[in-house]
Structures are given as structure tokens and as C-alpha cells.
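Work through the exercises below with the sequence and the 3D view open. Try each task before you read its solution.

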Amino acid sequence: MRSVAIAAIAAASAWTVSAQAPRDFDPRDLSGHWNRTSRFQTFSNVWSGQGLTQGTAEAPLTEAGKARFEKNKPGYGPRAVPPAVGNDPMGTCDPLGIPRLLNTEVISPHQTMEIVQVPGRMIQFFEWHHDWREVFTDGRQLPPADEVDPNWNGTSIGRWDGDVFVVASVGFDDRTWLDKFGYPHSESMRLEERYRRRDRDTLELTMTLTDPEIYTRPWVSDTKMFRIDREKSKRWDEQIYCVPTEEYKFNQRVRDVAGGKEAKQ
Amino acid sequence: MRAAYTGADMAHRDSCSLPVLAALLGTALSAMAHHGSNVSYHTDQTMTIAGTVTEWEFINPHPQIYFDVKNETGDIAHWAAELLPTPSMMRNMKVGWTRTTLKPGDQIVLVCNPPRAQGAKACLAKELKINGKDWPVAPGGAGAPGAAKGKQ
């Protein structure tokens, strides 16, 4: 009984201290440059066969999903093939799309995104491929999925749920992959992103996709962690575009050669 | 110097046997392959190849060196090498990487991962000498600030 009383007093004291300590950040301010610090460069922590990204999650693919998955030939993971005979959209500079852009799938200094909040919108800029997407926060409703023309980054609205910023999206072009392992999605995919600023320097993101055609149940990503990079905005924009003419030349003269095809000068 | 690597090396022996020396150095998979390039090469093997630069592309996603390798009978083979870091990553090494670091006519010696495709004349650069001087192709590589000495 005595120990319970002590624990209660300690808890109350801790709560008092916590309540008195002012937060040194606004949990509803997500603006800034954020560098991914969590290790997985993929949608979820599926097994990859690579030390940097190996995980244990299972993708709950439907039979149709498995068939789509088999058609995708990635350059990474246990099913990796030489890019010369693969079909990763990245290899032709096609848009990576959402959610793949959110994986920030490369390493420093390119594994970064910037969030800008303006009235009515939240905008995300992605270093890799120099892309951006808009999330509308003006109170509009998400249109029915079957009334939206599919887009690379989908159609998105955002709202605050306490201190969690929740983004709901529909209308995705099914030519994009979820990640560099080649996991597919259909045009019917619905995506929910949940952003929470844990502290002054840390942002976390968890995604849940619902796509009954491809996945047997909603599939939840691993928790992506990001650390703020206050120096980033002081540097010049690196403009990491994927330039189709340069990529085509690279593919013809190096990638395809290494993959066993004849060089084209 | 010659070691167990035989695939692509054997295939191009006719055209460039002497300049191409292979050695097993046991390199780890690099995390810098943005386009899945690692899969195209034997990343657990290295070869050494010397040649004359014909072109230098310091562009995204991967800078590229094009160079000619002459064999003992004077025949020339055209080779390509890709570097894994992006240009901005290479600039961050602060050793002077620019669009003009390499020029046509420069003499290079490359230690690189050989291609998996037999007879292919492309490799993945791991170490590079330009006109006798080490130039790092990855942070901490030969010639990089703080890298181990004695690689001349």
C-alpha cells in the first residue's frame, strides 16, 4: 500500500513537472527540412536481403496483387535484376509518386523533404527527383475515388486530429510502385498518412494503405522518422532532377552495357 | 595480382589483356546505388583497368567516365565506368570534383567492380587515379581527406 502511495506521488510530481515545462516547439508546425533517419528506404520493413533495409514484415498480397508484383522487376531486394532488364519507373525518370516519394529512399544528403504550411494547403517538396505535392487543408472533402482522374501523387486533403496531421488521399496512377522493391497498388488505393511532431527536432510518419484489389487487408508502413535540418535552407538548392535525356544516355551507354546489351554511342 | 575473377575479364582478354588486372578485394554492397546499379556488377570482386579518357559526364544520377583501353597489338576497346555518388555528394568531399576534373586525354587507372554480363565493357568505379593522383570516388575512399595513406 505504501509503495502504491509513493508511486502515485511520484507520478503526480512528474506530471506537475511535465505540465510546467513549456514546449519549445509548436506541435502543429511541421514546416522545415526533414531528413529521414529511420533505416527502411521502403514502404514497410519487408525482407530485402540487404543489410540496410532487411526486415520481417509480410506484404498481404492478394492473388491479383501477387501477379502485379511479379511483373514488377526492381533493381533492389531479393528479386533484384540488373536495371537493363528491369522496369523500375525510376530507370526512365517516370514520376515516383506518393507514397514512394515519402520513403525518401536514398541516403544523405538526398533523403530529405521540406514541408511548407500556408493557408489552405500543406506542400511537400522532395529533394530526390525534385518533385512536390499539395495537401489541401481548406476544409474541402475528399472526392469519391471513382470520380477522380488518377494522378501520380494522388488527390489529398489534410486535417488535424489533436496534434496529429492526418492526410487522406485517393486517385493514384497505378504505374507507380509503393517502393523500390516493386510493390504494386491499384488506382483504387486509399492512403492515410499520420504525421506527428514528437519534439523540436523529430517528426514521425506512419502510413496505412487500403487497396482490396492488391492487398488482403490494410497494410501499415513502418514508422518513418525524420530529423529537422535547419542548415538545409541556408544551402543552395541542389536540384536533383531526374533528366530524361541524361537518363536515357546513361542507360544506353552504361546501364544497358553492364547488363549485357550493346553500347549505343 | 591476377586472381579468381574470370567472367567478363576473360571475355575481353583478346582486346585488352595487359591493361586489365583483376583482384578480389571483397567489397561490401554500397548503399549509394540510387538506380540499383549494384546488381549489374560483381560487387564482391574488383578489377584494375588503365586507359585514356575520352569523355567525362559529371551529371545525375551517376557521373560517368568514358575511356579507351589499348591492348598490346594496338586495338582499342571503348569502356565506360559509372560512379555511385551523385555530383553533389562528390562535391561534398571537398577535394575538387567538378565538371572539368577529367579531360579527354587524361590517363586513368581504375579499380572497379566488373560487370556480370560476359564481355561487357562497363564497370563500377571504386578507386581512381587521374594522371597518377588518387581521386576519391566515395567518402573515405583513396585520396579522400582522412583516408588511409599508402595507396599510391
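A nonpolar core is a set of buried Ala, Val, Leu, Ile, Met, Phe, Trp, Tyr and Cys residues joined through C-beta atoms within 7 Å. A residue is buried if 20 or more other C-beta atoms lie within 10 Å of its own. The model used here is predicted.

**Exercise 1. The largest core**

Task: Find the residues with the most contacts inside the largest nonpolar core, and the elements that give two or more residues to this core.

Solution.
- Step 1. The largest nonpolar core holds 32 residues.
- Step 2. The residues with the most contacts inside it are A258(A), A81(B), L110(B), C112(B), A122(B), C123(B) and A125(B).
- Step 3. Two or more residues each come from α3 (244-258) of chain A and from β2, β3, β4, β5 and β6 of chain B.
- Step 4. β6(B) gives the largest share of this core, five residues.
- Step 5. Now take A122(B). Leaving aside neighbours within four places in sequence, A122(B) is in contact with V254(A), V257(A) and A258(A), and also with W79(B), A80(B) and P115(B).
- Step 6. Another core lies apart from the largest one. This other core has 31 residues, including L30(A), W34(A), M90(A) and M189(A).

A general point fits here. In soluble globular proteins, nonpolar side chains tend to be buried together.

**Exercise 2. The layout of chain B**

Task: Work out in what order the helices and strands of chain B run.

Solution.
- Step 1. Count the elements: chain B has three helices and seven strands.
- Step 2. Read from the N terminus: the order is α-α-β-β-β-β-α-β-β-β.
- Step 3. Look at burial: 45% of the 152 residues in chain B are buried.
- Step 4. Look at contacts in chain B with a separation of 6 or more: 59% of them are between residues 24 or more positions apart.

**Exercise 3. Strand partners of β4(B)**

Task: Decide whether β4(B) pairs in the parallel or antiparallel sense with β3(B), then do the same for β6(B).

Solution.
- Step 1. β3(B) and β4(B) are antiparallel, with seven bridges.
- Step 2. Across this pair, I65(B) stands opposite A81(B).
- Step 3. β3(B) and β4(B) form a hairpin, with five residues between them. In the turn, G74(B) has a positive phi of about 95°.
- Step 4. β4(B) and β6(B) are parallel, with three bridges.
- Step 5. Here E82(B) stands opposite L124(B) in β6(B).

**Exercise 4. Where the chains touch**

Task: Describe the side of chain B that touches chain A: which elements give two or more residues to it?

Solution.
- Step 1. 27 residues of chain B are in contact with 33 residues of chain A.
- Step 2. On the chain B side, β4 (76-82) and α3 (87-91) give two or more residues.
- Step 3. β4(B) gives the largest share, three residues.
- Step 4. Sort this side by class: 13 residues are nonpolar, 11 are polar and three are charged.

**Exercise 5. Unusual backbone angles**

Task: Locate two cis peptide bonds and two residues other than glycine with a positive phi.

Solution.
- Step 1. Start from the general rule. Most residues other than glycine have a negative phi, and most peptide bonds are trans.
- Step 2. In chain A, the bond from I98(A) to P99(A) is cis, with omega near 15°. P99(A) lies in the loop between α2 (63-71) and β2 (112-118) of chain A.
- Step 3. In chain B, a cis bond joins N60(B) and P61(B), with omega about -5°. P61(B) is in the loop between β2 (46-57) and β3 (64-70) of chain B.
- Step 4. K94(B) has a positive phi, near 55°. K94(B) sits in the loop between α3 and β5 (107-113) of chain B. K94(B) is exposed, because 9 other C-beta atoms lie within 10 Å.
- Step 5. N131(B) has a positive phi of about 50°. N131(B) sits in the loop between β6 (122-130) and β7 (133-135) of chain B. N131(B) is partly exposed, because the count within 10 Å is 13 other C-beta atoms.

**Exercise 6. A loop residue of chain A**

Task: Is T104(A) buried or exposed?

Solution.
- Step 1. Place T104(A): the loop between α2 and β2 of chain A.
- Step 2. T104(A) has 22 other C-beta atoms within 10 Å, so T104(A) is buried.
- Step 3. Leaving aside neighbours within four places in sequence, the contacts of T104(A) are R36(A), Q111(A), T112(A), M113(A) and W128(A).
- Step 4. F40(A) is 64 residues from T104(A) in sequence, and 9.4 Å away in space, C-alpha to C-alpha.

Definitions and conventions
Residues numbered from 1 in each chain as written. Chains lettered and ligands numbered in written order. Predicted model: local features only at pLDDT ≥ 70, side-chain atom pairs only at ≥ 80, totals over all residues. Contact = placed C-beta atoms within 7 Å. Helix = DSSP H or I, 4+ residues; strand = E, 2+ residues; numbered from the N terminus. Nonpolar A, V, L, I, M, F, W, Y, C, P; charged D, E, K, R; others polar. Buried ≥ 20, exposed ≤ 12 C-beta atoms within 10 Å, placed from the backbone. Pairing = 2+ DSSP bridges.
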